[in-house]
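Here are a few short exercises to work through with the structure open beside you. Try each task before reading its solution.

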Amino acid sequence: MLKAKGLKSGQVFSANEQSSGKGQMGESWLSTPSKNLLFSLVVNMELQIDRQFLISQVVAIALIKYLDSLSVQKSKIKWPNDIYVCLLYTSD
């Protein structure tokens with residue numbers, strides 16, 4: 001889809017599951033249906049190739065800080081672009 005013309009900054013693509021993703025170093029990447037937030041955000045900007053990872057760093061750190069501000073205690077970054085949050089539910 002990134003090669004398609006007309007994608008605008010701010011467009012979001014989401015999925016309920018990932019069944020044939022490609023992870024790091026040729027690993028496959030899967031997700032359980034409806035157990036994750038899976039999305040990509042289009043950001044159109046010019047950035048030198050050797051600095052593109054900075055986008056992932058800034059976004060990941062900002063998300064963790066935001067989650068901290070909400071008192072979400074079990075959140076962490078799995079580089080390059082995954083945010084893990086463990087939510088425990090109790091029945092009252």
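Please keep in mind that this is a predicted model. Pro80 lies in the loop that runs between β5 (75-78) and β6 (82-85), and this loop is a good place to begin.

**Exercise 1. The peptide bond before Pro80**

Task: Which residue is joined to Pro80 by a cis peptide bond, and what is omega there?

Solution:
- Step 1. Go to the loop between β5 and β6, where you will find Trp79.
- Step 2. Look at the bond from Trp79 to Pro80: the peptide is cis, with omega about 15°.

**Exercise 2. The surroundings of Trp79**

Task: Decide whether Trp79 is buried, partly exposed or exposed, and list its contacts beyond the neighbours within four places in sequence.

Solution:
- Step 1. The relative accessibility of Trp79 is 37%. Buried needs under 20% and exposed needs over 50%, so Trp79 counts as partly exposed.
- Step 2. Setting aside neighbours within four places in sequence, the contacts of Trp79 are Gln24, Phe53, Ser56, Gln57, Ala60 and Ile61.
- Step 3. For a distance check, take Ile49: 30 residues separate it from Trp79 in sequence, and the C-alpha to C-alpha distance is 18 Å.

**Exercise 3. Ser31 and its partners**

Task: Find where Ser31 sits, then work out whether it is buried or exposed and which backbone atom its side chain reaches.

Solution:
- Step 1. Ser31 belongs to the loop between β3 (28-29) and β4 (38-41).
- Step 2. Its relative accessibility is 12%, so Ser31 counts as buried.
- Step 3. Follow the side chain of Ser31 to the backbone nitrogen of Gln18, 2.8 Å away.
- Step 4. Now collect the contacts of Ser31, leaving out residues up to four places away in sequence: Glu17, Gln18, Asn36 and Leu38.

**Exercise 4. Two serines with positive phi**

Task: For Ser34 and then Ser71, give phi, the loop and the exposure class.

Solution:
- Step 1. Ser34 is not a glycine, yet its phi is positive, near 60°.
- Step 2. You will find Ser34 in the loop between β3 and β4. With 62% relative accessibility, Ser34 counts as exposed.
- Step 3. Turn to Ser71, another non-glycine residue with a positive phi, about 65°.
- Step 4. Ser71 is placed in the loop between α1 (53-69) and β5. Its relative accessibility is 55%, so Ser71 counts as exposed.

Key: Residues numbered from 1 in each chain as written. Predicted model: local features only at pLDDT ≥ 70, side-chain atom pairs only at ≥ 80, totals over all residues. Heavy atoms only, no water. Helix = DSSP H or I, 4+ residues; strand = E, 2+ residues; numbered from the N terminus. Buried < 20%, exposed > 50% of the residue type's maximum accessible area, 1.4 Å probe, protein only. Polar contact = N/O pair within 3.5 Å; in protein donor to acceptor, adjacent residues only side chain to side chain. Contact = heavy atoms within 4.5 Å.
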